[in-house]
Amino acid sequence: MPAKVTLQIVKGTSDKTNYLFEEKDSLIIGRQNDCTIVLSNATVSRYHCLVEINPPEVTVRDFGSLNGTYLNDTKIGQREDGMSVEEGRKLRFNEFSMKDGDRLKLGTDCEIVSRIYTPDYCAECLCELPESKIGTFEESPGLFLCAACHERHKQKKAPIIKKKVTCKICGGSLDDKFAGGEVICGKCGMDPMLLVENLLKMAGVGKGDAAAIKGFRKIKLLGRGGMGEVWLVEEEATGKRMALKLMLPKVALEARNRDRFLLEAKNSGELHHPNIVELYRSGCSDNTFFMLMEYCEGGSVDEFMKKYGGILAPEIAVPIIVQVLDGLDYAHHVKIQDTKLKDGTTVSTNGLVHRDLSPQNIFLRDTSKSPIAKLGDFGLAKAFETAGLTGNTRTGDAAGKPVFMPRQQIINFRYSTPDVDIWAAAASLYNMLTGASPKEFPKGADVWQSALKGQAVAIRKRNPKIPSKLAAAIDEALIDDPEIRVKTAREFKQKLEKSI
């Protein structure tokens with residue numbers, strides 16, 4: 001079981017007493033009904049504080065509250081006396097980490113306690129031990145053995161020798177805890193050349209999942225981020241080029257990172273549409289998780305924009321977004337098999353919501369002025385019919401991309417519905433046509449407050465050359481208060497097509 005965080009409401013009025021988080025998430029606590037955790041007490045501000053969770057890490061930041069936020073009786077944020085709500089929202093307070101048992105006090109009448117669970121591992125075989133510790137043995141303070149290892153040592157009367165793990169590439173010793181399996185040391189795991197060469201070597205001998213990519217050779221590194229890297233590879237027999245996406249072994253040690261990668265592979269494997277990046281194969285070898293995917297020669301739209309000075313003409317940008325909307329319409333209605341629920345059961349559902357749409361996640365199949373657009377990166381996607389029932393909540397960067405998020409998604413990420421993708425598509429089109437974000441993000445201001453309370457600036461104020469009908473369609477699609485105005489991909493596509 002991976003690390004998890006529970007926020008317990010020990011004082012104050014709320015719908016629930018315990019809020020469980022097993023994956024990365026971001027939530028707003030306050031008196032307003034659309035907050036993630038609603039505390040209906042008069043001393044709590046409407047949007048009181050922001051809590052970011054990345055189990056077992058928890059951070060909290062005040063949102064310019066009237067009566068203050070306290071961590072273990074120490075004030076960590078509050079707007080000054082006489083300062084208006086609007087002035088308070090412009091302030092950015094420091095983040096503070098919460099540990100197991102810490103108390104978070106909001107106003108004078110509400111208190112929340114953090115309960116943080118971090119898994120332990122058998123000191124010898126490195127298997128993960130149950131949270132209850134039932135059936136395990138503490139041989140010395142902090143040194144646990146599973147039942148099998150305990151019995152083995154009891155029979156042999158031999159001293160406990162912590163298992164040594166060596167790197168599968170360089171053979172060097174590894175001192176960290178690993179949950180079994182084949183591993184690669186941090187140095188080799190951060191070397192893109194070694195990783196891809198090792199994976200293709202395993203493929204060549206038909207070892208494990210890597211056998212699925214046998215017969216490919218590397219061409220060049222296409223890109224790299226905090227989670228992994230993408231290589232251009234070529235099938236030697238046919239000359240067909242594809243993209244090989246790898247997750248760094250160091251990143252793969254965290255169960256939640258593996259879960260996100262596997263979720264992206266599962267989601268992508270369910271989607272087959274001309275405007276969605278195709279997944280061909282996926283697997284894991286030597287603790288390197290991989291996906292073999294369709295290669296988009298034109299790169300991402302944000303890279304494409306740079307070729308045109310950072311802004312695209314409507315005759316280029318609108319057809320790209322229309323294609324993206326076709327992909328979204330399909331994704332929002334596709335039948336998804338075997339969605340796993342928290343209780344271990346599986347169900348079939350209809351529709352995925354992407355939740356991370358931006359110009360960085362729109363890819364172009366070719367380099368022409370009228371390229372085929374492909375929607376990719378479904379690592380944050382979820383079956384919205386099972387909101388709150390699966391173990392997959394928020395798993396991306398804690399901050400995500402608030403520039404491309406409507407207020408509904410910021411307030412309650414895990415319960416996002418398809419209309420958040422429509423707003424993000426409109427925000428992406430706005431960015432493509434103006435080079436700017438729809439909402440204002442003043443320098444030094446809290447980015448989440450700006451995204452939560454700000455309204456989209458009329459697009460013709462950014463670029464007066466945009467045709468009026470097109471501007472009206474985009475402005476309408478960016479209305480998100482009190483609710484998102486344009487609900488479906490088909491509706492927004494029709495509005496765009498009528499405007500040009």
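## Exercises on a predicted model

Gln449 is buried, with just 3% relative accessible area (buried means under 20%, exposed over 50% and partly exposed in between, with a 1.4 Å probe and protein chains only). This is a predicted model, where local features need pLDDT of at least 70 and side-chain atom pairs count only at pLDDT 80 or more, while totals for chains, interfaces and linings use all residues. Residues are numbered from 1 along each chain as its sequence is written, and side-chain values use heavy atoms, with hydrogens and water left out.

**Exercise 1.** Find the element that holds Gln449 and list what Gln449 is in contact with.

*Solution.* Start with the element: Gln449 belongs to helix H11, residues 447-453 (helices are DSSP runs of H or I with at least four residues, strands are E runs of at least two, and both are numbered from the N terminus). Next, skip the neighbours within four places in sequence: Gln449 is then in contact with Phe63, Arg89 and Gly454 (contact means heavy atoms within 4.5 Å).

**Exercise 2.** Describe the protein chain as a whole: its helices and strands, its buried share and its exposed area.

*Solution.* Count the elements and you get 14 helices and 27 strands. Now look at burial: of the 500 residues, 50% are buried. For contacts with a separation of 6 or more, 58% are between residues 24 or more positions apart. Finally, the chain exposes about 22300 Å², and carbon and sulfur atoms supply 50% of that (areas come from the Shrake-Rupley method with a 1.4 Å probe; for residues, only the protein chains shown count as cover).

**Exercise 3.** Work out which residues of helix H14 are buried and which helices they pack against.

*Solution.* Go along H14, residues 489-499, and pick out the buried ones: Ala489, Phe492, Leu496 and Ser499. Look down the axis of H14 and these buried residues fall within an arc of 95°, so they line one face of the helix (the arc is that of the directions from the helix axis to the C-beta atoms). Then check their partners: the buried residues of H14 pack against helix H8 (314-331), helix H10 (419-434) and helix H13 (468-477). While you're in this part of the chain, stop at the loop between H13 and H14, where Pro482 sits. A cis peptide bond joins Asp481 to Pro482, with omega about 10°.

**Exercise 4.** Is Ile213 buried or exposed, and which residues does Ile213 touch?

*Solution.* Place Ile213 first: look in the loop between helix H4 (192-204) and strand S16 (216-224). With 1% relative accessibility, Ile213 is buried. Now list the contacts, leaving out residues up to four places away in sequence: Leu199, Leu200, Ala203, Leu244, Arg281, Phe290 and Leu292. For Ala203 there's a distance too: its C-alpha atom is 5.8 Å from that of Ile213, with their positions 10 residues apart along the chain.

**Exercise 5.** Find where Asn72 lies and where Arg355 lies, then check the phi of Asn72 and of Arg355.

*Solution.* Take Asn72: it's in the loop between strand S7 (69-71) and strand S8 (74-77). Asn72 isn't a glycine, yet its phi is positive, about 55°. At 31% relative accessibility, Asn72 is partly exposed. Now Arg355, in the loop between strand S24 (352-353) and strand S25 (362-364). Its phi is positive as well, about 70°, and Arg355 isn't a glycine. Arg355 is buried, with 3% relative accessible area.

**Exercise 6.** Which charged end sits over the ring of Tyr70?

*Solution.* Find Tyr70 in strand S7. The charged end is that of Lys105, 5.9 Å from the ring centre (a charge sits over a ring if NZ of Lys or CZ of Arg is within 6 Å of the centre and within 35 degrees of the ring normal). Beyond four places in sequence, Tyr70 touches Lys75, Gln78, Arg103, Leu104, Lys105 and Gly107. Leu106 is 36 residues from Tyr70 in sequence, and their C-alpha atoms are 6.5 Å apart. For a second case, try Tyr117: Lys4 lies over its face, 5.9 Å from the ring centre.

**Exercise 7.** How many disulfides does the structure hold?

*Solution.* Zero (a disulfide is a pair of cysteine sulfur atoms within 2.5 Å). Try Cys146: its closest cysteine sulfur, in Cys149, is 3.6 Å away, which is too far for a bond. Cys146 is buried, at 11% relative accessibility, while Cys284, at 24%, is partly exposed.
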